[in-house]
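Got the viewer open? Let's take a walk through this structure, one selection at a time.

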Amino acid sequence: MNIRTANDIKEFNAALDKCTHSVWLMGPNDEAYNMKNEDEYIEGMIRLTEGHDDQLGIFTDSYEDEVTMLKFFKQIAA
């Protein structure tokens with residue numbers, strides 16, 4: 001996951017806003033941040049910007065939210 005610029009963060013937040021269920025940022029050692037929760041979102045974004053984003057993944061609670069996040073990742077990968 002490569003979120004590097006302010007624009008990437010803005011687009012990531014827009015994708016999160018479209019999601020209706022929990023979106024989890026998960027990593028090794030049982031790390032889990034609910035990105036729809038304000039406090040956990042802040043912790044998750046700090047973790048993303050530390051440069052270990054290759055160890056993190058996004059998981060959703062619904063198929064529709066998964067499609068939303070996949071569209072976001074496809075867009076920033078292009």
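Start by selecting N29, which you'll find in the loop between β1 and β2. Keep in mind as you click around that this is a predicted model. Is N29 buried or exposed? N29 is exposed, with a relative accessible area of 74%. Now look at its backbone: N29 has a positive phi of about 60°, although it is not a glycine.

Add D30 to your selection. D30 also belongs to the loop between β1 and β2. Its phi is near 60°, again a positive value in a residue other than glycine. D30 counts as exposed, because its relative accessibility is 79% and the cut-off for exposed is over 50%.

Next stop: the sheet. Switch to cartoon view and color the strands. In what order do the three strands lie? They form an open sheet in the order β2-β1-β3, with antiparallel pairing. Select β2 (31–34) and β3 (57–60), and you have the two edges. Each of these has a single partner strand, so one side of each is left without a neighbour in the sheet. Tilt the view a little: neighbouring strands here are turned by 30° against each other on average, if you ignore direction.

Zoom in on β1 and β3. How many bridges join β1 to β3? Four bridges do, and the two strands run antiparallel. For a residue pair to click on, try W24, which stands opposite F59 in β3.

Now bring in α2. This helix packs on the sheet, where it touches β1 and β2. The direction of α2 makes about 125° with that of β2.

Time to look inside. In soluble globular proteins, nonpolar side chains tend to be buried together. Here, the largest nonpolar core has 15 residues. Which of them touch the most other members? Show the side chains of F12, L25, M35 and M69, and you have them. To see where the core comes from, select α1 (6–18), β1 (23–27), α2 (38–49) and α3 (63–77): each supplies at least two of its residues. The largest share, three residues, comes from α1.

For the last stop, center on F12. What is F12 in contact with, leaving aside its neighbours within four places in sequence? Display these one by one: I3, M35, M45, I58, M69 and F72. M35 and M69 should look familiar, since you picked them a moment ago along with F12 among the core residues that touch the most other members.

Note on methods: Residues numbered from 1 in each chain as written. Predicted model: local features only at pLDDT ≥ 70, side-chain atom pairs only at ≥ 80, totals over all residues. Heavy atoms only, no water. Core = buried A, V, L, I, M, F, W, Y, C linked by side-chain atoms within 4.5 Å. Buried < 20%, exposed > 50% of the residue type's maximum accessible area, 1.4 Å probe, protein only. Contact = heavy atoms within 4.5 Å. Pairing = 2+ DSSP bridges. Axes fitted to C-alpha atoms, helices over the stretch in contact; angles between N-to-C directions.
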